[in-house]
Amino acid sequence: MRPKLLVARAMFPDLLSRLTPYFDLEINQEDRIFTEDELIERLHGKFGMICTSSAKISSSLLQRLKSINDDLKIISTIAVGYDNFDIASCTENRVMATNSPDVLNETTADFAWALMMATARRVTEAEAFLRDGEWKKWSVDFFLGADIHGSTLGILGMGRIGQAIARRAAGFGMQVIYHNRQRLDPDIELKAHCAEYVDRETLFSASDHLILALPFTPEVRHSIGVAEISRMKRSATLINIARGGIVDEDVLIDALRTGQIAGAGLDVFENEPNFNRAFLDLKNVVLTPHIASASEQTRRAMVSQAINNVIAAVKGEIPPNLINRQALHLGFEQNSRDT
Ligand code: 8YV
């Protein structure tokens with residue numbers, strides 16, 4: 001009998017067909033988002049799962065699952081961010097966790113720029129005005145925005161996506177400043193359009209456009225609040241393509257309402273898809289439904305990576321994008337060969 005695999009969301013059938021020689025597949029064709037109880041029920045007896053960020057794999061889920069069945073060996077997410085996985089608990093329960101990094105860097109960086117430009121130049125606000133039939137005459141001070149070219153681009157979180165965002169600044173003659181847990185090597189800074197490392201306070205006070213590209217961990221939850229936003233220029237924009245929970249949304253809404261900053265471009269929200277509806281009443285915010293990596297080519301590449309990871313695991317090989325290598329030392333290799 002072949003091992004069983006849960007594909008927890010609907011996705012490209014032609015790519016999924018690569019799995020059929022290795023697995024009996026259960027595919028969530030309806031594309032419903034499973035509750036914890038449903039996930040446990042469906043993971044029962046499965047070797048692995050391919051999922052997205054909507055599958056929360058908590059310590060309680062793993063403990064409940066493992067108490068009834070110990071088959072689960074790999075969870076493979078179609079995302080670079082894996083804050084929906086409790087990694088320590090995966091390791092403890094001998095479950096390998098994998099993600100899909102790198103293939104989305106350039107696409108996500110493109111989108112960060114799209115949001116920044118739309119926010120600074122008030123593109124969606126102006127379009128809504130036109131669509132609503134409000135355009136009666138042109139005026140000299142019509143939808144005045146902020147320049148991108150020649151301005152200072154700030155990047156918080158200078159990983160692979162942050163660096164791809166920085167590289168694009170070359171064509172716009174921008175100065176790039178960044179803050180990161182660790183300063184980058186000088187040669188990486190050079191390739192990232194000579195990005196200059198600054199302390200966190202300076203990043204907030206000196207940026208004309210500030211893009212968040214850091215991974216989400218419990219420590220960074222609401223780490224952008226009153227202190228940070230009050231340091232920003234009144235003309236500045238804040239762009240978030242990372243995770244919604246990093247920003248205290250109530251503080252941001254207040255800052256946008258009172259004009260403490262000029263605008264925000266948000267692709268991510270603390271509670272997706274039930275985001276804070278107060279954003280809808282604000283004109284100076286550009287809102288998108290978590291689509292920064294959504295080009296056809298990139299999403300297909302991400303799904304392919306997730307597939308490669310589970311196929312490697314079922315062959316007893318180390319998955320190329322394994323996050324918790326410690327899980328290997330806890331007997332996985334032996335277990336997978338026995339399957
Ligand atoms: C994913 C993302 O598509 O990669 C990430 O971390 O946020 C997106 O690119 C999304 O999380 C669905 O899993």
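How far is the sulfur of Cys90 from the closest cysteine sulfur? In this predicted model, the gap comes to 9.7 Å, and the partner at the other end is Cys51. That is too far for a bond. Looked at from the other side, the story repeats: for Cys51, the closest cysteine sulfur sits in Cys90, again 9.7 Å away. A disulfide would need the two sulfur atoms within 2.5 Å, so this pair doesn't make the cut. The tally for the whole structure is zero disulfides. Both cysteines are tucked out of reach of the probe: Cys51 is buried, with a relative accessible area of 0%, and Cys90 is buried too, also at 0%.

Next, the overall layout. The domain assignment splits the protein chain into two parts. Domain 1 is put together from two stretches, 4-102 and 296-338, while domain 2 runs over 105-287. Taken over C-alpha atoms, the centres of domain 1 and domain 2 are 33 Å apart. As for where the two meet, seven residues of domain 1 are in contact with six residues of domain 2.

Ser100 is worth a stop along the way. This serine sits in a loop, with strand S5 (96-98) on one side and helix H5 (105-120) on the other. Is Ser100 buried or exposed? It counts as buried, because its relative accessibility is 0% and the cut-off for buried is under 20%. Leaving aside residues up to four places away in sequence, Ser100 touches a run of neighbours made up of Thr77, Ile78, Ala79 and Val80, and it also touches Met302 and Gln305.

Then there are the pockets, and here the second largest one gets the attention. Its volume is about 300 Å³. The lining of this pocket takes in 14 residues, and those nearest the centre are Thr124, Glu125, Ala128, Leu282 and Lys283. Which elements supply at least two residues each of that lining? They are helix H6 (123-131) and strand S12 (285-287). H6 gives the largest share, with four residues. Sorted by class, the lining of the second largest pocket is made of nine nonpolar residues, four charged ones and one polar one.

Methods
Residues numbered from 1 in each chain as written. Predicted model: local features only at pLDDT ≥ 70, side-chain atom pairs only at ≥ 80, totals over all residues. Heavy atoms only, no water. Buried < 20%, exposed > 50% of the residue type's maximum accessible area, 1.4 Å probe, protein only. 1 Å grid on protein atoms, 1.4 Å probe; cavity = no way out; pocket = protein on both sides within 12 Å on 5 of 7 lines; lining within 4 Å. Points joined across faces, edges and corners; volume = space filled by probe spheres on them. Nonpolar A, V, L, I, M, F, W, Y, C, P; charged D, E, K, R; others polar. Domains from an automatic or database assignment. Contact = heavy atoms within 4.5 Å.
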